[in-house]
Amino acid sequence: MSATRHTRLLLFAAILLGAIYLFPLYWMYATALKSGSEIFAYPPTFIPRGLDFGIFAEVWATRDMGRFIWNSLVIATGSMALVALLGTGCAYVLARYRNVWIDIALFLVLMLQVLPASLMITPIFVGFSALGLLDFPRFAVMLAFTAKAMPFFVILVRATFMSIPAELEEAALVDGNSRIGAFALIALPLARNGILVSAILIFMQAFGEFVYSKSMIQDVTLQPASVGLNGFMGPNTVEWNKIMAYATIYVTPILAAFVLLQQRIVSGLTSGALK
Amino acid sequence: MTIQPQIELLSVNKHYGGFHALKDINVTIPKGSFVALVGPSGCGKSTLLRSLAGLESISGGEIRITGKAVNDTPPRHRDVAMVFQSYALYPHMSVRDNMSYSMRLRKASRAEIDAAVADVAAILGLGDYLDRKPNALSGGQRQRVAMGRAIIRNPKVFLFDEPLSNLDAALRVHMRKEIRALHDRIGATSVYVTHDQIEAMTMADHVVVLKSGVVEQQGAPLSLYDTPATKFVAGFIGSPAMNFVGGIVGDTGRAVTLDLPGAPSLPLARTMEPRRQVDVGLRPEHLSIETGGAPGIETTATSVESTGSVTYLYCGGDPEIVVVLSERERISQGDPVNLTIAPDKIHLFDPETGAALR
Ligand SMILES: Nc1ncnc2c1ncn2[C@@H]1O[C@H](COP(=O)(O)OP(=O)(O)OP(=O)(O)O)[C@@H](O)[C@H]1O
Ligand SMILES: [Mg+2]
């Protein structure tokens with residue numbers, strides 16, 4: 001009896017925390033649907049009075065959102081592809097071989113994860129400009145972001161590879177595979193879920209990337225939605241509902257995708273992709 | 001007729017960093033024979049087998065398969081098949097695909113694969129499970145799939161790494177016979193790793209006993225039992241294990257006095273160096289209880305266990321002496337007994353080196 005009360009208490013606490021955590025998200029949706037005067041009403045209204053869905057189409061058109069979102073997609077897809085391509089091999093080697101150099105590499109990888117983007121941007125900017133990479137700003141952002149996101153991916157995927165017994169690949173070697181064949185035909189298919197899930201997480205991160213894009217992409221036609229949103233907000237902004245509408249259009253697809261894939265993502269991260 | 005050696009290991013050495021895992025291993029395996037590698041855990045059995053498969057590179061010496069040195073040959077070109085202790089079945093493939101994996105790798109035709117799979121499935125009784133994934137099989141069935149994956153290859157050499165250790169006792173005894181029968185039927189050469197000396201004794205033509213990376217002794221199973229070369233082999237082969245008692249050879253060299261209460265003296269079948277310290281080995285099944293006045297070990301039974309077919313007698317203490325009797329004897333705890341043994345069944349070992357004294 002007291003056990004059920006205990007559970008209920010915990011459930012209540014969970015819901016409360018969830019509500020607090022998700023409140024800003026709700027506020028974004030609510031504000032987007034409010035009229036200009038209602039935004040500044042005091043006390044603030046919790047539920048918008050008149051619902052005005054036309055605002056989304058208007059913001060989409062006036063702010064050229066199609067172009068911004070396209071740029072975000074290009075950068076996110078490119079980054080994800082680069083990270084997955086380079087990171088999978090790296091994670092595999094780090095999972096399968098053990099020696100001092102591997103330990104050093106692992107340490108460096110973890111250290112990279114600690115460095116904030118805002119600190120890294122200056123040396124990256126200088127280096128890229130010297131190499132002429134800034135003439136291809138979106139590609140430059142992809143490269144920089146790949147470097148930033150790689151440790152996260154490598155650590156997740158390495159754990160996946162480590163959960164696959166090395167004997168499976170050894171059996172494949174004896175059965176007639178080359179080393180690379182055993183990796184491609186045995187390890188890779190078994191790690192598929194883990195790689196896929198980690199890649200999706202990278203995509204989501206890259207889709208919201210701001211620091212590198214803001215610094216490296218001057219040409220407005222090449223900027224992603226995150227920078228576009230930032231440009232929308234000036235010191236004298238009053239159009240909060242439009243800004244929130246922009247934000248809504250920007251994050252809702254990602255949010256929806258996450259909710260749809262949530263079960264796979266969680267299980268992929270915890271179960272280690274075997275079975 | 002000289003039998004062509006299928007596998008030769010010539011002073012094979014293996015180091016893991018500073019650790020010397022295999023020390024100067026020399027073994028010759030004739031074609032068609034069944035060789036067991038036995039030894040306690042960590043003695044290097046798996047390492048030796050993996051070196052044969054090419055999964056581990058050796059640090060010195062030479063491995064030859066059908067006369068050809070394979071030191072630098074990758075596993076896929078050695079034409080060996082291996083059954084792993086964990087079975088190592090590919091979890092994302094059906095039983096059929098697991099077994100035919102090697103054939104698909106060498107681009108065998110569809111018809112050829114189907115025929116081979118059907119063949120092997122019939123031999124192993126796996127016909128009903130071909131479309132299942134490994135995780136939907138019992139331990140015994142998985143073991144068979146692992147065997148099937150090896151058999152389908154029709155390789156020069158089969159390598160088994162403790163393939164039965166995950167099965168229950170009854171199935172283990174059954175599979176033991178089956179693997180041996182399969183070996184005879186296919187006419188393959190097999191190397192079988194086990195830590196179970198009974199498996200080694202019952203299955204193999206030739207047993208190699210390893211201890212800390214060294215070959216202690218090799219030979220036919222019964223020769224290891226009858227004439228163990230070292231105290232280690234004597235204690236390892238045979239169950240229950242041989243009893244060891246310290247002792248000293250008598251003045252005439254024709255008897256040995258044991259380090260036991262009452263200093264019992266046993267006659268020897270051969271003349272030894274007088275007054276020499278020795279370790280005396282007495283197999284439990286060679287000891288018998290004598291009621292007549294024959295010279296033996298006067299002691300008391302501290303505990304008696306009977307399985308119905310045999311009786312285990314534990315006598316004395318420090319060291320305890322185990323006796324196996326096949327007759328049912330009416331002895332109970334605390335009874336005095338006189339243990340005797342035929343002089344030619346007494347094993348003597350050097351206390352320092354452990355080498356057998358003959
Ligand atoms: N990769 C490795 N690096 C360092 N030492 C190793 C490595 N693999 C095995 N060893 C050592 O080599 C020795 C032999 O190992 P091996 O696996 O061959 O033992 P085994 O006889 O098969 O034992 P078990 O019966 O427990 O399987 C062990 O002492 C082990 O610690
Ligand atoms: Mg082993």
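So, the second largest cavity: about 60 Å³ of space lies in there. Keep in mind that this is a predicted model. Who lines that cavity? From chain A we have A:A171, A:V174 and A:D175, and from chain B there's B:A81, B:M82, B:A146, B:R149, B:A150 and B:R153. In terms of elements, α8 (166-175) of chain A gives two or more residues to that lining, and so do β6 and α4 of chain B. By class, you get six nonpolar residues, three charged ones and no polar ones.

Now hang on to two of those names, A:D175 and B:R153. They form a salt bridge with each other, and the closest N and O atoms sit 3.3 Å apart. So a salt-bridged pair across the two chains also turns up in the cavity lining.

Okay, let's widen out to the interface. How many salt bridges are there between chain B and chain A? The count is three. On top of that, nine residue pairs are in polar contact across the interface, both partners at pLDDT 80 or more. On the chain B side, the elements giving two or more residues to the surface that touches chain A are α1 (45-53), β6 (80-83) and α2 (95-105). Sort that side by class and you find 14 nonpolar, four polar and four charged residues.

What about the extent of it? People often give the size of an interface as the accessible area lost when the parts come together. Here the area buried between chain B and chain A is about 1700 Å², with carbon and sulfur atoms giving 63% of that. On the chain B side, B:R76, B:Y90 and B:H92 lose the most area to chain A, together 28% of what that side buries. As for residues in the contact, chain B puts in 22 and chain A puts in 17.

Back to empty space. The structure holds two cavities of 30 Å³ or more, and the largest has about 80 Å³ in it. Its lining includes B:F34, B:M147, B:A150, B:F158, B:F160 and B:H183. You'll recognise B:A150, since we had B:A150 in the other lining too. Which elements of chain B supply at least two residues each? Those are α4 (139-151), β7 (157-161) and α5 (169-186), and α5(B) gives the most, with four residues. The class split for this lining is nine nonpolar, two polar and no charged.

A quick word on chain A by itself. Chain A has twelve helices and zero strands. Along its principal axes, the C-alpha trace of chain A spans about 75 × 70 × 30 Å.

Last bit, the backbone oddities. Most residues other than glycine have a negative phi, and most peptide bonds are trans. In chain A, the bond from A:Y42 to A:P43 is cis, with omega near -5°, and A:P43 sits in the loop between α2 (36-39) and α3 (54-62) of that chain. Over in chain B, B:D318 and B:P319 are joined by a cis peptide bond as well, omega about -15°. That proline, B:P319, is in the loop between β17 (311-315) and β18 (321-325). And then there's B:K107: not a glycine, yet with a positive phi of about 60°. To find B:K107, look in the loop between α2 and α3 (110-124) of chain B.

How values were computed. Residues numbered from 1 in each chain as written. Chains lettered and ligands numbered in written order. Predicted model: local features only at pLDDT ≥ 70, side-chain atom pairs only at ≥ 80, totals over all residues. Heavy atoms only, no water. Contact = heavy atoms within 4.5 Å. Buried area = accessible area lost by both parts, 1.4 Å probe. Salt bridge = Lys/Arg side-chain N within 4 Å of Asp/Glu carboxyl O. Polar contact = N/O pair within 3.5 Å; in protein donor to acceptor, adjacent residues only side chain to side chain. Nonpolar A, V, L, I, M, F, W, Y, C, P; charged D, E, K, R; others polar. 1 Å grid on protein atoms, 1.4 Å probe; cavity = no way out; pocket = protein on both sides within 12 Å on 5 of 7 lines; lining within 4 Å. Points joined across faces, edges and corners; volume = space filled by probe spheres on them.
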